[in-house]
Amino acid sequence: MLFAIAATATLAALYFVYPITSDAKEEKIFVTHTGGVIKTSGDVLDPIYTAQTVEIDPDKYLREFNYGRTSSVDGKTVREYTIIAEDDKVMEISPGVFYNVWTFNGTVPGPTIRATEGDWVKVKFINMGSKTHTIHFHGFHAAEMDGVFEPVGPGGGQFTYEFEAGPAGVHPYHCHVMPLEEHISHGLYGVYIVDPKKPRPPADEMVMVLNGFDTDFDAENNFYGANTIPFYYQHHPIQIKKGELVRIYVVNILEFDQINNFHLHGNLYHYYPTGTYSVPSAFTDMITLSQGERGIMEFTYDTPGKFMFHAHKTEFAEKGWTGLFLVQDEVVQ
Amino acid sequence: MESTKTSKAKIAAAGIIPLVLLSAMIVYLFGPGAELVNFGTPLPNITIERVDFVESEIQVTARNTGPIDVSIAQADVNDRIQPAAIEPDKHLARFETALVRIPYSWNEAEPYEIGLTINDGTRFAHSVEAAAPAIKPSIDLVSYFAVIGTYVGIIPVLIGLLWFPFIAKMSPAKYKFFLALTAGLLLFLGIDAIEEGMEISAERLSGAFNGQLLVATVVVGSFVGLYYVSEKLVSRVSSASKSVAIALMVSIGIGLHNLGEGLAIGAAIGLGEIALSTFLIVGFTIHNTTEGLAIAAPMARQKPMIAKLAAMGVIAGAPAIFGAWIGGFQYSPISAIIFLSVGAGAIFQVIVAILKWIRQDEQGLLSAPTAAGIAVGMIIMYVTSILI
């Protein structure tokens with residue numbers, strides 16, 4: 001009897017004390033995104049090592065501009081867009097990490113809407129979510145088009161925002177339903193670009209929305225990135241052509257630790273705050289943006305190679321907001 | 001013959017039928033599609049049980065202590081995402097552990113917070129007050145722990161045994177007082193071990209293990225087990241050797257207790273808590289001289305048997321060495337709790353044995369010397385525990 005007790009106790013103790021060991025597997029070696037070398041028989045936990053299975057494609061988002069369905073009424077260009085809000089999607093926002101994102105047209109950030117100063121913009125908004133949502137556009141519009149006092153009900157509620165595009169520059173749009181922080185931090189935002197009547201010089205144009213996710217709801221971001229996926233552009237460098245003008249529309253939409261910045265290596269850029277003035281305010285390699293601040297950056301690389309860009313707030317950089325430009329003589333896109 | 005067969009079948013059926021009904025009810029209540037009992041979404045949980053600082057690497061042992069399977073997606077050091085390897089793999093079934101290896105050039109004596117993020121984005125963190133190189137078993141270290149164990153365990157117990165002639169020449173009342181004093185000393189040690197186990201359970205063990213109930217289970221289990229063994233042992237020996245048998249049980253009980261003490265010291269050194277380990281070494285050394293007294297007391301009416309006393313001193317003290325090895329090289333909160341609880345159970349068994357020994361006297365158990373002895377024993381231990 002005593003033996004039975006002792007055996008039971010010993011087995012129970014061993015079960016808890018010693019880890020379950022696996023069969024020895026072949027060791028693999030890999031180089032991490034920070035340059036370290038790991039040899040392991042197990043799995044690898046690295047934000048850029050695993051295959052990208054995320055539904056949000058930062059590469060596609062980077063250079064995608066939506067000009068809407070255009071028509072002409074009394075000599076004026078009318079641009080019509082449709083934006084559908086949803087709040088039930090669970091997406092992989094960093095390899096292996098799944099989070100309930102709230103989306104405009106199925107992605108975070110929502111589509112980049114682009115018009116020219118003076119165009120008539122019509123945005124048909126459909127709320128397919130389970131909560132009330134709106135769209136609040138920064139820029140000029142009438143009071144009743146503000147997206148604050150016109151809640152759009154869940155389950156198919158509709159509203160059409162109409163206004164004349166302006167002023168020229170880069171503006172954010174986002175849901176403006178309380179609690180605001182919750183609606184924005186889940187992903188209901190996007191970029192609205194207004195081109196000046198006299199076009200800016202031709203350039204390789206791209207959009208970078210500086211965002212983050214608080215996946216454990218402690219009012220601090222667990223992940224940061226440009227265009228949602230942490231470390232994405234570090235693993236997939238953005239290819240640009242030597243000598244070609246690059247224009248980036250950058251928007252800081254962070255919730256929580258919202259003082260963000262953009263630092264460029266090996267170069268300086270002309271910076272146009274909000275993009276409303278045609279004269280740059282600075283020639284610099286670093287700007288700092290508070291929540292909702294945005295601007296246009298213009299630069300050219302004259303030598304090929306890899307150049308880093310990242311938040312100079314190192315915490316954000318080390319939690320995903322970091323990437324690379326690959327400058328080449330010729331770019332295959 | 002036929003009838004016994006049918007009756008056996010009937011008995012078996014009578015044993016099995018309630019089990020079948022019970023399983024059916026559990027399936028009905030909790031099985032697939034059951035909706036009667038639904039308390040919402042179960043939340044995942046990960047416990048970081050160990051953090052070892054090795055050459056250019058931080059090694060984290062994590063266990064899935066939640067009700068559902070999880071997969072670990074990311075590791076961080078001080079809340080900064082770090083690439084890492086996880087062995088055997090990143091999917092953890094309930095209670096399964098994995099080793100996360102984070103390449104990181106850490107700095108000695110600096111505090112670190114290690115975090116693991118699972119697939120739903122929840123981050124679990126564990127803080128280390130000061131990074132210290134993980135202890136690797138080596139001949140030097142094994143002998144170092146052996147020396148520590150000897151100083152803490154064997155030598156003080158042997159010093160305590162030197163009280164033997166003093167106790168041997170005492171009047172019956174005083175002798176009884178000293179036996180009761182021993183019981184008091186031991187009672188304190190037993191309570192102390194339980195408290196220590198509870199503390200470890202609260203600080204280092206996940207709630208999923210029900211650490212406090214584990215303490216209770218192991219204390220009771222080791223108590224009844226040792227009680228049974230000691231009864232057998234004492235009943236088999238002649239009455240003249242009964243006192244020796246009791247002293248032997250006392251030294252075994254104390255030995256199990258000292259295993260726990262060695263474990264605490266080894267773990268403190270292993271976890272890099274230098275101040276704590278020094279404190280424990282000094283404290284246990286002083287404390288353990290009283291244990292020699294506890295062994296000497298039951299044998300005080302015998303002729304002095306130096307060899308036997310010395311052997312018992314070693315039985316009581318040497319486990320401190322094993323404890324230090326286990327604690328230093330293979331620390332886990334759960335094994336620490338189990339060892340401490342076994343020690344407590346053993347001590348309570350010894351107390352019962354001593355009280356039974358005292359009761360053989362015509363005055364019975366409740367006499368002034370016994371009451372005073374138990375109380376004074378407790379007070380001595382309490383005071384030493386404060387002073388150290």
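**Buried elements, sheets and the contact between chains A and B**

The buried residues of helix α9 in chain B are B:P319, B:A320, B:I321, B:G323, B:A324, B:G327, B:G328 and B:F329. In this predicted model, α9(B) spans residues 319-329 and is mostly covered, with eight of its eleven residues buried.

Chain A contains five helices and 23 strands. Of the 333 residues in chain A, 51% are buried. Contacts within chain A often link parts that lie far apart along the sequence: when residues at least 6 apart are considered, 68% of the contacts join residues at least 24 apart.

Strand β14 of chain A, formed by residues 223-226, illustrates burial within a strand. In a regular strand, side chains point alternately to one face of the sheet and to the other. In β14(A), A:F223 and A:G225 lie on one side, A:Y224 and A:A226 lie on the other, and all are buried, so both faces of the strand are covered. The partner of β14(A) is strand β13 of chain A (residues 204-213), and the two pair in the antiparallel sense over four bridges. Within chain A, A:F213 stands opposite A:F223 of β14(A).

Strands of a sheet are paired through backbone hydrogen bonds, in either a parallel or an antiparallel arrangement. An open sheet of five strands in chain A has the order β15-β23-β22-β17-β20, and its pairing is mixed. Its edge strands are β15 (238-241) and β20 (286-289) of chain A, each of which pairs on one side only. From one strand to the next, the twist averages 25°. At the β15 edge, β15(A) runs parallel to strand β23 of chain A (residues 322-328), to which four bridges join it. Here A:I238 stands opposite A:F325 in β23(A).

A second open sheet includes strands from both chains. Its five strands follow the order β3(A)-β5(B)-β7(B)-β2(B)-β1(B), and the pairing is antiparallel. The edge strands are β3 of chain A and β1 (46-54) of chain B, each pairing on one side only. Neighbouring strands of this sheet are turned against each other by 25° on average, direction ignored. The link between the chains in this sheet is formed by β3(A) and strand β5 of chain B (residues 84-87), which run antiparallel and are joined by three bridges. At this junction, A:V44 stands opposite B:A85 in β5(B).

The contact between the two chains can also be described as a whole. On each side 39 residues take part, 39 of chain A being in contact with 39 of chain B. The size of an interface is often expressed as the accessible area lost when the parts come together. Between chain A and chain B the buried area is about 3,100 Å², and carbon and sulfur atoms give 60% of this area.

Polar interactions are also present between the chains. Ten residue pairs, both members at pLDDT 80 or more, are in polar contact between chain A and chain B. The count of salt bridges between chain A and chain B is two. A salt bridge is formed by B:R80 with A:E315, whose closest N and O atoms are 4.0 Å apart. On the side of chain A that touches chain B, the elements giving two or more residues are α1 (2-17), β2 (37-40), β3 (43-45), β6 (97-104) and α5 (314-318) of chain A. Helix α1(A) gives the largest share of that side, five residues.

Notes: Residues numbered from 1 in each chain as written. Chains lettered and ligands numbered in written order. Predicted model: local features only at pLDDT ≥ 70, side-chain atom pairs only at ≥ 80, totals over all residues. Heavy atoms only, no water. Buried < 20%, exposed > 50% of the residue type's maximum accessible area, 1.4 Å probe, protein only. Pairing = 2+ DSSP bridges. Axes fitted to C-alpha atoms, helices over the stretch in contact; angles between N-to-C directions. Contact = heavy atoms within 4.5 Å. Buried area = accessible area lost by both parts, 1.4 Å probe. Salt bridge = Lys/Arg side-chain N within 4 Å of Asp/Glu carboxyl O. Polar contact = N/O pair within 3.5 Å; in protein donor to acceptor, adjacent residues only side chain to side chain.
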